[in-house]
Amino acid sequence: MHISDGILPVPLWLGGYGITALLTSYSLRVCRQGSRCMSESSFHRQLPKAALLTAAFFVASSIHLPIPPASVHFLLNGLVGLLLGPLAYPAIVVGLFFQVVAFGHGGLTTLGINAAIMGIPALLAGGIFRVGRRRLGTGIPAFLAGVVGAGLAVLLFYGVVIAGLSSSTPLATEAEQLATGTLVLAHLPVIGLEGLFTSWVVLFLQRVQPDLLLDSWPQTFGETPDRQPTQVEPTLTHSGYGKR
């Protein structure tokens, strides 16, 4: 699910960097605006959570599942988008960069387009969970977020690769389309597993640490912002000390 260097024409991977620059800037601006309506403790909890999920996204690509005729791996972009909200996009950019450097997955020229393929579905998955949770509870929206995150990433990967190959080698597109389509089909079991795994993780967090599901940029998604506890000041009344 990583596009390597040399596959895409220059205009396409440059466009990927443009999309990633715009979405990263937008995500960071939304995060900065959302932090203003959060308590200081909630804001600081976002940082280790983002670091942990970036590490999980980074490691997931090294766990390969042999599904013939290819070898596939988990994406976890739906889970990252669900738990981080807008911060998911820059987190995915960082994770993909270290995957290129450490494992050679993808390429530096295609880092922007790979980030768009993973990051846009992650943002959509986060929105699906926030909206669906209000009507359907937690489990079903989490499953849908995992499925949409992985499924849309696979479809974007297929579309971008076919577009790149068609523009560079028009005579070889039939065989390459077949190979790319086979790779997409090999990811169908992974899409279902991503939904089940995302749902399991979210239900587990709801039971042991529900705060992790509640404090992801509340102002952005219309949720109630954190409120500092009101300090009760003692005051002297006619019958002694009371509370105001």
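User: What makes the lining of the largest cavity a mix of nonpolar and polar in this predicted model?

Analyst: By class, the lining has 5 nonpolar, 4 polar and no charged residues. The residues are His2, Phe57, Ser61, His73, Phe74, Leu75, Leu96, Gln99 and Met118. Phe, Leu and Met count as nonpolar, while His, Ser and Gln fall among the others, so they count as polar.

User: Why is this space called a cavity?

Analyst: A cavity is a set of points where a 1.4 Å probe fits but cannot get out, so that is the test this space passes. The search of the whole structure turns up 1 cavity of 30 Å³ or more, and the largest cavity holds about 40 Å³.

User: And what makes the other spaces pockets?

Analyst: They count as pockets because a pocket is an open set of points, with protein on both sides within 12 Å along at least five of seven lines. The largest pocket holds about 270 Å³, and the second largest about 190 Å³. Of the 14 residues lining the second largest pocket, Met1, His2, His64, Ser71 and His73 are closest to its centre.

User: Which classes line the second largest pocket, and which elements supply at least two residues each?

Analyst: Its lining has 6 nonpolar, 8 polar and no charged residues. Strand 2 (70–73) and helix 6 (139–168) each supply at least two of them.

User: What about the lining of the largest pocket, by class?

Analyst: There you get 12 nonpolar, no polar and 1 charged residues. Of the 13 lining residues, Leu52, Leu53, Leu83, Val201 and Leu205 lie nearest the centre. Leu and Val count as nonpolar, so those five fit that class. Helix 2 gives the most, with 5 residues; helix 2 (40–60), helix 3 (77–84) and helix 8 (188–208) each supply at least two.

User: What makes the nonpolar patch a surface patch?

Analyst: Patch residues need over 30% relative accessible area, and nonpolar side chains are joined within 5 Å, so Tyr17, Val94, Phe97, Phe98, Val101 and Leu108 meet those cut-offs. Together they make about 540 Å². Helix 4 (residues 88–103) gives the largest share, 4 residues, while Tyr17 sits in helix 1 (residues 10–35).

User: How do you know what the chain looks like where UniProt says "transmembrane region"?

Analyst: The label comes from an unreviewed UniProt entry, and it covers residues 12–30, 74–99, 111–131, 143–165 and 185–205. In the model, residues 12–30 are 100% helix and 0% strand, with end C-alpha atoms 27 Å apart. Residues 111–131 are also 100% helix and 0% strand, and their end C-alpha atoms are 30 Å apart.

How values were computed
Residues numbered from 1 in each chain as written. Predicted model: local features only at pLDDT ≥ 70, side-chain atom pairs only at ≥ 80, totals over all residues. Heavy atoms only, no water. 1 Å grid on protein atoms, 1.4 Å probe; cavity = no way out; pocket = protein on both sides within 12 Å on 5 of 7 lines; lining within 4 Å. Points joined across faces, edges and corners; volume = space filled by probe spheres on them. UniProt positions renumbered as here; feature names shortened; annotations may be inferred. Patch = residues over 30% accessible without salt bridge, like charges linked within 9 Å, V, L, I, M, F, W, Y side chains within 5 Å. Areas by Shrake-Rupley, 256 points an atom, 1.4 Å probe, with all protein chains shown as cover. Salt bridge = Lys/Arg side-chain N within 4 Å of Asp/Glu carboxyl O.
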